[in-house]
Amino acid sequence: MQQTLTLHDRDELLTPLYQFDRKFWTTIAALVLVIAPGILLYIRQLVLGLGVTDLNRPVFWGAYLVNFIFLIGVSMAGTVISATLLLLKVNWRRPITRIAESLTVFGLMTAGLQIIMDMGRPDRLVFTLLYGRLQAPLMWDIASLTLYLLTAIFALYLQLLPDIALLRDTAPATAPEWRKKLYTILSLNWRGNKEQWTRLEKAMLVVSIFIIPIGISLHTVTSWLFSTTVQPGWKSTILGPYFVVGAIYSGIGLLFIATTFARYYNKHLKEYITEKFYENLGWFFIVMSGVWFYFTLNETLVATTEQETLEFPVVAAKLFGEFAPAFWGMNLLMIAATWILVAPKFVSDKPSRNLFLQTTTGLAATAISVVIFALLSLRLPALSDPNLQTGLLLAFFLFFLLALLGVTKWLKTRLITATVIASAFVLFGMWLERWNVLMPTLTHARLAPYTTYHPTVTEIAVTISTFGILTLMFVVFYKFFPSVSVWEVEEGRALEQGSGD
Amino acid sequence: MTDWCMVIDLEKCVACQGCSIACRMENNTPVVSPEEAKNGRAIRWNDVFPLPVHIAPDQGEYPNVKTHYSTRPCMHCKNAPCVKVCPVQATYIDEEGIVRQNYDRCIGCRFCTMACPYGVRYFNWFEPQWEETLAEYRNPDQLSVNGSLEGPAVRPVGVVEKCTYCVHRLEKAKARAKAEGRDFRADEYVPACVQTCTGKARFFGDLDDPNSTVSQLSKSLRATHLLEDSGAHPKTLYLAEG
Amino acid sequence: MPKQPLSRRDFLKVGGVAAGSAATLAAMKNFISARAGSQIQTAAEENVVASTCHLCSAGCGILVRVADGKAVKLEGNPMHPVNQGALCPKGQAAPELLYNPDRLTSPMRRDRATGQLTQIQWADAIQLVAEKLNTLRDAGHPEQAVLMHGDTRGQMRSFLTRFMEAVGSPNVVSHESLNVAAAKLGMYLTQGIYGLPAYDLENANYVISFGANLLEAGPNPQRTISGYTFLRRGRATRGKVVVIDPRQSITASKADEWIPIKPGTDAALALGMANVIITSGLVDADFVKNYCFGFDNFASSGDHKGFRDFVLENYDPIRVEQITGIPATTIARLAGEFAGNGPAVAIMPGKGGLLNGGFSGVYTAMAVHMLNALVGSIESTGGVMTQRYMPCVDYPKLPSDSVAKKGFATTRLDGAGSKFPLGRNSYQSVADAILEGDKVEALFLYDANPAFETPGGKRFADAFKKVPFVVSFSSFMDESAELADLILPEPTFLERWGDDHIEGLGYPGISLYQPVIEPLYDTLNTGDFFLKVAESMGGTVAKAFAWKSYEEVLQFRLKDIGADWELLKELGVWFNPGYRFAKRGSQHWIENVVGAERLNAPRDGYFDLYSRELNCFIGEMKKDELAQLGISQTGDGAILPHYEATVFQGDEAQYPFMLNIITLMSLGPRSDAANMPSLQEISGMTVRETWDSWLEMNPESARRLGLVENDRVKIESPFGAISTKVKLVAGLHPDVVNVPFNQGHTAVGRYAKGRGVNGLEILNPASEPLTGLAAFTNTRVKVSKA
Amino acid sequence: MNFPLEQPIFQFFYWLVNTPGVGAGVVGLLVGAAITTFALTLRWIASAKDVEQEAYPYPPKL
């Protein structure tokens, strides 16, 4: 029984690692195409200086910093989640732990890139090691980031170890020598005897315990980067937890997308990463969105109520100023995401006559509401009449509601699609959230006239290629290692059978 | 211990901007291109600007209007936020209370520019340039502290720069005193902006010396600081109008 | 990368807990020692040269730091009474002028047909000019040589005048008709001195400025700034400053009180105040009775109305309120404060004021200046001083020369004294004269850029086409130089000899320009150039100019100022400090203070409230003749200062706004300043603009037009249209819009060219019939979204 | 405005947070410690010898 299963596992999870088919190469080529322009433009920035961005005085930080926060955000979830689930001995975690942990590692790496890209003198990066001062929040961030990255890598490696050994032992004759050698070295002559297993599991337990506070530290420290300045809008004490929550929220989003991507990439994974996982983690996702909404409300309420005169322009810019589209866009995306996750659970799956529950209605309404939102965001002088605006606003909410209602039934039967859409919304929303934390404050400095910031081609291209790099790492990595932790799955099966017998 | 301090009498300041240009000529701050300047990248360590800084609808209607002007060098804060956040101590407070910038150390992370509530720190987005012959008038003074350049030295691209109370002038004055074999007196040096001030609105001196002009003026009923709530304990003093 | 050892030292000491040691203190004070490791290197050889700034008419003393043969920094000369060690942004930026990449580097000749420029030698240039002038003299028409000059100060003006006289031309046209002439005439017609009054601000208690931009763009901004700040905070008691101006200029925003007024009605306000002063018996009785003419009615060849009755009848505050839009109570209060808190002084605008060319400018100037007379502030502490000048050795008498005499006797080309009875110069009219067919064979442009700086200056382009020989001495290829046949660049003021009379403080002084460095390029001081021309012309002209160099001319002229040449060169300035006020009616009074320069009326030391001088010009005229001159009143009314409603170009319905061209402290009056990048950068400080021009408009007016900040707008007048961005300025009369001067160049250099717009293009090009002043403030415009 | 820096302990803290290089040192220490720990753990796991031949049912001996 087990034998067959393992054989089964092997071809499904290990065979693809040796198939460098067209699909793989086209993916690589596409990614390279996505990444290349960003790199070229970054080289140009290196030569000319940061002037090629739209940064100015007082907007000294921009898209790069937003990416940085976003990336360490998404990298949060992976390890912390897998660690939590491991500590809680949750069984359905097994298929996804590897993807989760690898995401953390890649996310942190790309996040580090952002900081270097944002530096005026990347050539002097080493000075932070020569002259680093502990008082500077940036040092805390560097410390936290490095520590988290190392721990994450370690965690990932620990969890890979048995599979590497497996790869070593089961490498087909056709496999290139260097790969065999690589596996042999990496497997640290893992023999899989009882003692090793016990030690491995001890180690994993300990790491899981340590990595959670470290992860949380990284995100709070990042919020301190802002809180330690006296800029309006950043003094809020809620910023730390807000960042952590946002991190986990967006992290789960990315995890969902990554896993689905892997599933699509290797059809066999469907047997391992089942709807059960989407179902269960989905609930946690919903919880996080709730918490996130609360903190967002908290941020805004405090700022609108407190007596800090310099604070208000910042909030105003978000609520009804030039950042309103970004702010409300963010909120709407999150609302939609939550709805997509929750609503289908409360409708019956038999078709209904109700016009409002037709998919077509939903899609139409979606289109219309998007158009209206765009109109409002563009602030056309033609639409400056307050009554007209109010009218548009009401119309928007109506159609938005219709859209939500309409799509519900369609989503009911498509859990995974729904989750992926929701995740995409959340990811984009969270990027906007980081943007909304930085930009309104930066553009509303105390002693400089209010200004604006529009990322230049360079910044946009670099951002795009950053995410390209993230994907590339992901794709390449999983050409060398199984994207599902084989031994954990096995262990799980074994446990199930144990209970079954 | 000497504690350099500037006092600006806003009543005597006539917003002529002589200080801005005097500073530029003394400290080799480059003229950026018009497009750059429009994009808020002009570098004037000492800026003059109308108050209130932010145009708001509720600022009175004709004829019940009163425009004010202010001028703003570095505040050389006693509790300087910029110094606190610098990861490599490229900016620091020296023993005479001047907040200084080390161009060879700065990594261009722009944290100090964020931390400074007064926006007096400037970043070199591009390589500073003087078109053709314009380079001729650059101030030749070179101030180096243990080999790293400070003061008027032409900045490399990608580093932060700021008002130094013309610290190179201080060093020159001290060198002169030394050469003449006498003690340096606090009234032997003033920054360029103070020297040029058309309205004689600027005073400079040693705040630790109770008899100095600045100490006297600091007791004035009109004496005030910019953004006192910033918690930075700014040192540059203003004497309010009226 | 050298590490800062200080940290290590702190470590050793603090770590070793040497309590109370320097480093522990350091730790407590939270600082890092930089002194120990500091090294300062500077230029190999440095020296400081005293000279004079030439970027506006103030003529501040400067000390130029020359490091390794390069002028690297200017500082104010503490010895100099005008700026007392201070220096404005223009002066500070002067190195950008000296080392400007767009400077002309050698004499050039332009081929009219192709417009090709060819480099020539100075010798050839001298030859060309000399020949040209000689041919004119041989033809018996030396007057066809015309010289237009700008803010030409010190000996240069008399030098050039003498040269032209020796050649035989009366046509030396100063650009004063663009700025200070109105004020000078106001002074002349009342006090009988043709010059700007000096104000004793340091001792004044109450200063009321009628649109005079004391702190930005007066005839002598730096001097007025010094006086102003001293009056505010330099002394025990703080004087009050009131500014009357439709726009809240920096001066107005710094003043105690800003009183916005309907543009062009300043005369009415002044007379309204006079009315109150008289009725409330606050006049300086002694002065008006014994030292003024025409306060009371008088009889000479018929009864004449005096100032008092005229004002009492016509300018009671109620009526003035209707004219000026200033409440009668305010007028009364101002009058009371002015007369009751002496020493008080009423300041009329020179450069940059609304007074100039308002088509009633002279009357306004007279009315304002008379306020000083009423309260006895003429020649008294805290009042008006009359500028004294250093005694300059007279030039030797010109050798007799029939051609020159004949030519010099001809009427002036610009119509000053003929077409414009009161005018002494009419700069902008030169173009009109040429276009109307007056023959000009040779035209010299010294320190002048008429094609840019006059209203409707474009017409100079056509005018110059009709002149076969146009010579420009500009250091830059400015709008006028672009039209010239011969471009003979003069070195900048930092590379040449020159001098300047110290003005604005009353007492006499001389300020010297000297070459602080060797001239950078193949340029020649215009003084030296004309000496060489004279030499090669030979004959009487050569005789009249027997000096080797312009420096020698200066030495000759300044022999008697009390300082020898070396001392003057060392100090850069020489003056006799302390203004000595003349006793009323004394000999000194009659010779220097009141009436000394009257040409027709008696020089009897009487301050004219009824201008006898003006009477000599227009006393006999009938109504229609007067109307020709734009005077609505007749008889005594025309002689006495009165309010003339401004005759606007463009009717109110179609052109709702009045266009006013403002002069900025940063860019200043001179075209070449517009090519100094630093000045361009700071030019728009008041409206948060940079490197551009703008239109200032009242927010309410803008709202009515549906304009918001930074909208592109089209500004149309009957004379043309320009387009720039609008800036909302709350402190501005709703019917007035402002455009800053010295932007919108089509030449000069890379920094000035094609930047913003030149508001003068759409101003009324006409001249005031009575005085030949340029019309700056009587053009209406309409503003629309571009 | 300032900490009681006359106390040696605070002087030490000041030195600790404010001295260039020291901060870097601390971070280095942290990171170094982490790396060594991880390395040792791996070695510890790898070096596990086991007497009983009956191994965990995975990986399968085929």
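# Notebook: core, helix α6(A), B–C interface, sheets

I began with the contacts of L255(A): leaving aside neighbours within four places in sequence, L255(A) is in contact with A77(A), G78(A), I81(A), I96(A), I99(A), A100(A) and L103(A). I note that this is a predicted model.

**Entry 1. The nonpolar core.** I looked up which residues touch the most other members of the largest nonpolar core, and found A77(A), L255(A), M273(C) and A274(C). That core holds 472 residues. I then checked which element contributes the largest share: it is α6(A), with 20 residues. In soluble globular proteins, nonpolar side chains tend to be buried together.

**Entry 2. Helix α6(A).** Does burial or exposure prevail along this helix? I find α6(A) mostly covered, with 28 of its 34 residues buried. I checked its length next. Helix α6 of chain A runs over residues 137–170, and at 1.5 Å a residue its 34 residues should span 50 Å. The end C-alpha atoms are 48 Å apart, which agrees with the expected span. I also looked for a bend, and there is one of about 45 degrees at L161(A). A proline, P162(A), follows within four residues of L161(A).

**Entry 3. Chain C against chain B.** I counted 64 residues of chain C in contact with 67 residues of chain B. On the chain C side, the elements that give two or more residues include β1 (38–41), β4 (70–76), α8 (221–234) and α28 (677–682). Which element gives the most to this side? I find that β4(C) does, with six residues. By class, I have 32 nonpolar, 21 polar and eleven charged residues on the side of chain C that touches chain B.

I then looked at strand pairing between the two chains. Strand β7 of chain B (residues 142–145) is joined to β1(C) by four bridges, and the two run antiparallel. For a register, I noted V145(B), which stands opposite S38(C) in β1(C).

**Entry 4. The four-strand sheet of chain B.** I read the strand order as β10-β1-β12-β11, an open sheet with mixed pairing. The edge strands are β10 and β11 (223–224) of chain B, each pairing on one side only. Strands of a sheet pair through backbone hydrogen bonds, either parallel or antiparallel.

I took β1(B) (residues 4–9) as the strand to follow. Six of its six residues are buried, so β1(B) is largely enclosed by the rest of the structure. W4(B), M6(B) and I8(B) point one way from the strand, while C5(B), V7(B) and D9(B) point the other way. The buried set thus includes D9(B).

How does β1(B) run relative to β10(B), parallel or antiparallel? Five bridges join β1(B) to β10(B) (residues 202–206), and the pair is antiparallel. C5(B) stands opposite G205(B), and V7(B) opposite F203(B). With β12(B) (residues 237–239), β1(B) pairs in the parallel sense over three bridges. Here V7(B) stands opposite L237(B).

**Entry 5. The seven-strand sheet of chain C.** I read the order as β6-β5-β20-β19-β18-β7-β8, again an open sheet with mixed pairing. Its edge strands are β6 (117–119) and β8 (172–174) of chain C. I checked one pair within this sheet: two bridges join β5(C) (residues 108–110) to β20(C) (residues 486–487), running antiparallel. R109(C) stands opposite L486(C) in β20(C).

Key
Residues numbered from 1 in each chain as written. Chains lettered and ligands numbered in written order. Predicted model: local features only at pLDDT ≥ 70, side-chain atom pairs only at ≥ 80, totals over all residues. Expected span 1.5 Å × (residues − 1). Bend = angle between axes of the 7 residues up to and from the residue. Buried ≥ 20, exposed ≤ 12 C-beta atoms within 10 Å, placed from the backbone. Contact = placed C-beta atoms within 7 Å. Nonpolar A, V, L, I, M, F, W, Y, C, P; charged D, E, K, R; others polar. Pairing = 2+ DSSP bridges. Core = buried A, V, L, I, M, F, W, Y, C linked by C-beta atoms within 7 Å.
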